[in-house]
Amino acid sequence: MLDITYIRENRDLVKEGMINKGETNTSVVDEVIAKDEEWREAVTETDKLRAESNARSKEIGKLMGQGKKEEAQQIIKETGESKEKIKELEARMSELRLERDNLLYKIPNVPDSSVPVGHSEEDNEVFHTWGEPAADDVLPHWDIADKKEWIDFERGVKVTGAGFPFYLGRLAGLQRALVNFFIAEATAAGYREMQAPYFVNEASARGTGQIPDKEDMMYEIQRDQFFVIPTGEVPVTNFHRDEIVDQDELPVQYVAHTPCWRREAGSYGKDVRGLNRLHQFDKVELVNIVHTDESDSELEKLREHAQMLLEKLELPYRTLLMCTGDMGFTQTKKYDLEVWSPGQQRWLEVSSCSNFGSFQARRMQLRYRDDNGKIHTAHTLNGSALALPRIVAAILEAYQTEDGDVRVPEVLQPAMGTAKI
């Protein structure tokens, strides 16, 4: 969430950011400022009463020592009444704070000044390109996977439902090789490998911004009040929730391979065919917890790392700087990496690299202590490096041979033990 002080001092900027992100209910900004004013007035009144009560309480002993019992009893009565009033005010403060925070959860992060203003994917800017998108006439990945019996969508529907395919034989091995490759590259770059839980509680989902915003995208285990993770970002970032780390430990960097589950409500058409959009898929996630002054530069490093993976796989791609309306509730700046699909003659998103500023960390109370002992809210970032289904789809299409086989990218051949799938 945004800092309430920042909102008070930048009311118009916050409203402008909401409008640019497509949020129409800007009155919530005025509501949260008014609610915060009520809370601060209650705090002032409570502190004043508490100070007066403490001062009067000190008089009781003196009066009793002077034999002025009646006056002492009167003060005891008055301080008792003050304590009851203080309890009422403290309860009111808690209520106002909860109401204020519930309003704060409805206000999105403010886009960075470098983010283009726009309201659809047409307004995104092409930031970087690499490789030449092939115009070859090749089979789309679902056709060659069916021909080679590498993916079984029908049995996935039988066992679970649409969007839960089985990977078979060497294609399953290719996925494993990709995961190992991505993690090895990340650990070589200084990331610490983590195996994270696949279920999270509501506090964790709220901490990273899935609640309230993306409830409809997540699967729930209602009996145990768990959410099934939509991305490794959720458990990994919450690893340090409610903690204070030392500045010398920053940046804290984790890499984690997890399956991910998304309901993907409303998806249809060509966007969901084959491996384009699944309900369960694997992803390698990078999470950074950094100093407040370093999140901008760390975002560029994160983007470059994801780009480097695609270049080593020799897959043509483009990097988009996302516009305000296509960026999401929690991000202040975001890049999407899209790989070229020659079988579909279209771009497929395979990575998002995002800077959240202090937005997630404030929700999670994730802080760091500087060299002078002062506490600061950390900044968080995350990036997919990479999401596997569309990478697999791009490889099946880009590495097809004339005789109908599929070559293995050179960087993966040692792990696969073969030059073709």
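The following questions and answers go through strands, cores, a helix pair and some backbone features of a predicted model.

Trainee: How many residues of strand β9 are buried?
Mentor: Strand β9 covers residues 252-261 and is mostly covered. Buried here means under 20% relative accessible area. Of its 10 residues, the number that are buried is 9.

Trainee: Do β4 and β9 run parallel or antiparallel?
Mentor: Strand β4 spans residues 192-194, and 3 bridges join β4 to β9. In one of these pairings, Arg192 has Tyr254 of β9 as its bridge partner. The direction of the two strands is parallel.

Trainee: Which residue in β10 does Trp261 stand opposite?
Mentor: β9 is also joined to strand β10, residues 280-290, by 10 bridges. These two strands run antiparallel. Opposite Trp261 in β10 stands Gln280.

Trainee: How many residues lie between β12 and β13 in their hairpin?
Mentor: Strand β12 (residues 333-341) and β13 are joined by 9 bridges and run antiparallel. Lys334 stands opposite Ser354 in β13. In the turn, Gln345 has a positive phi of about 55°. The number of residues between the two strands of this hairpin is 4.

Trainee: What is the bridge partner of Ser354 in β16?
Mentor: β13 runs over residues 346-355, and 8 of its 10 residues are buried. It pairs with strand β16, residues 379-387, in the antiparallel sense over 3 bridges. In β16, the partner of Ser354 is Asn382.

Trainee: Which strands are at the edges of the open sheet with the order β8-β14-β15?
Mentor: This open sheet has 3 strands and mixed pairing. An edge strand here pairs on one side only. That applies to β8 (244-246) and β15 (375-377).

Trainee: Which residue in β15 is the bridge partner of Tyr368?
Mentor: Strand β14 takes in residues 367-369, and 3 bridges join it to β15. The two strands run antiparallel. The partner of Tyr368 in β15 is His376.

Trainee: From which helix does the largest share of the largest nonpolar core come?
Mentor: That core has 53 residues. Those with the most contacts inside it are Trp150, Leu178, Phe182, Leu315, Ile391 and Leu396. The largest share is 9 residues, and it comes from helix α7, residues 169-188.

Trainee: How many residues does the other core, with Val29 and Val32 among them, have?
Mentor: This core lies apart from the largest one. Its members also include Leu103 and Val110. Its number of residues is 17.

Trainee: Which residues is Leu315 in contact with, leaving aside its neighbours within four places in sequence?
Mentor: Leu315 is among the residues with the most contacts inside the largest core. Contact requires heavy atoms within 4.5 Å. By that cut-off, Leu315 is in contact with Trp130, Leu310, Val339, Ile391, Ala394, Ile395, Ala398 and Tyr399.

Trainee: Why are α7 and α10 oblique to each other?
Mentor: The axes of α7 and helix α10 (residues 295-312) come within 11 Å. Oblique takes in angles that are not under 35, not over 145 and not from 65 to 115 degrees. The two helices are therefore oblique to each other, as their axes cross at roughly 135°.

Trainee: Which residues in α10 do Phe181, Phe182, Glu185 and Ala186 of α7 meet?
Mentor: α7 passes α10 in a right-handed crossing. On the α10 side, the residues met are His305, Met308, Leu309 and Lys312.

Trainee: Where does Pro251 lie?
Mentor: A cis peptide bond joins Leu250 and Pro251, with omega about -5°. The place of Pro251 is the loop between β8 and β9.

Trainee: Which residue is joined to Pro212 by a cis peptide bond?
Mentor: Pro212 is in the loop between α8 (202-207) and β6 (220-221). Omega of this bond is about -5°. The residue joined to Pro212 is Ile211.

Trainee: Is Glu149 buried or exposed?
Mentor: Glu149 is found in the loop between α5 (141-148) and β2 (151-152). It has a positive phi of about 60° although it is not a glycine. Exposed means over 50%. The relative accessible area of Glu149 is 63%, so Glu149 is exposed.

Trainee: Does Asp242 count as buried or exposed?
Mentor: Asp242 sits in the loop between α9 (233-237) and β8. Its phi is near 65°, a positive value in a residue other than glycine. With 51% relative accessibility, Asp242 counts as exposed.

Note on methods
Residues numbered from 1 in each chain as written. Predicted model: local features only at pLDDT ≥ 70, side-chain atom pairs only at ≥ 80, totals over all residues. Heavy atoms only, no water. Buried < 20%, exposed > 50% of the residue type's maximum accessible area, 1.4 Å probe, protein only. Pairing = 2+ DSSP bridges. Core = buried A, V, L, I, M, F, W, Y, C linked by side-chain atoms within 4.5 Å. Axes fitted to C-alpha atoms, helices over the stretch in contact; angles between N-to-C directions. Left-handed = near helix turned anticlockwise from the far one by under 90°.
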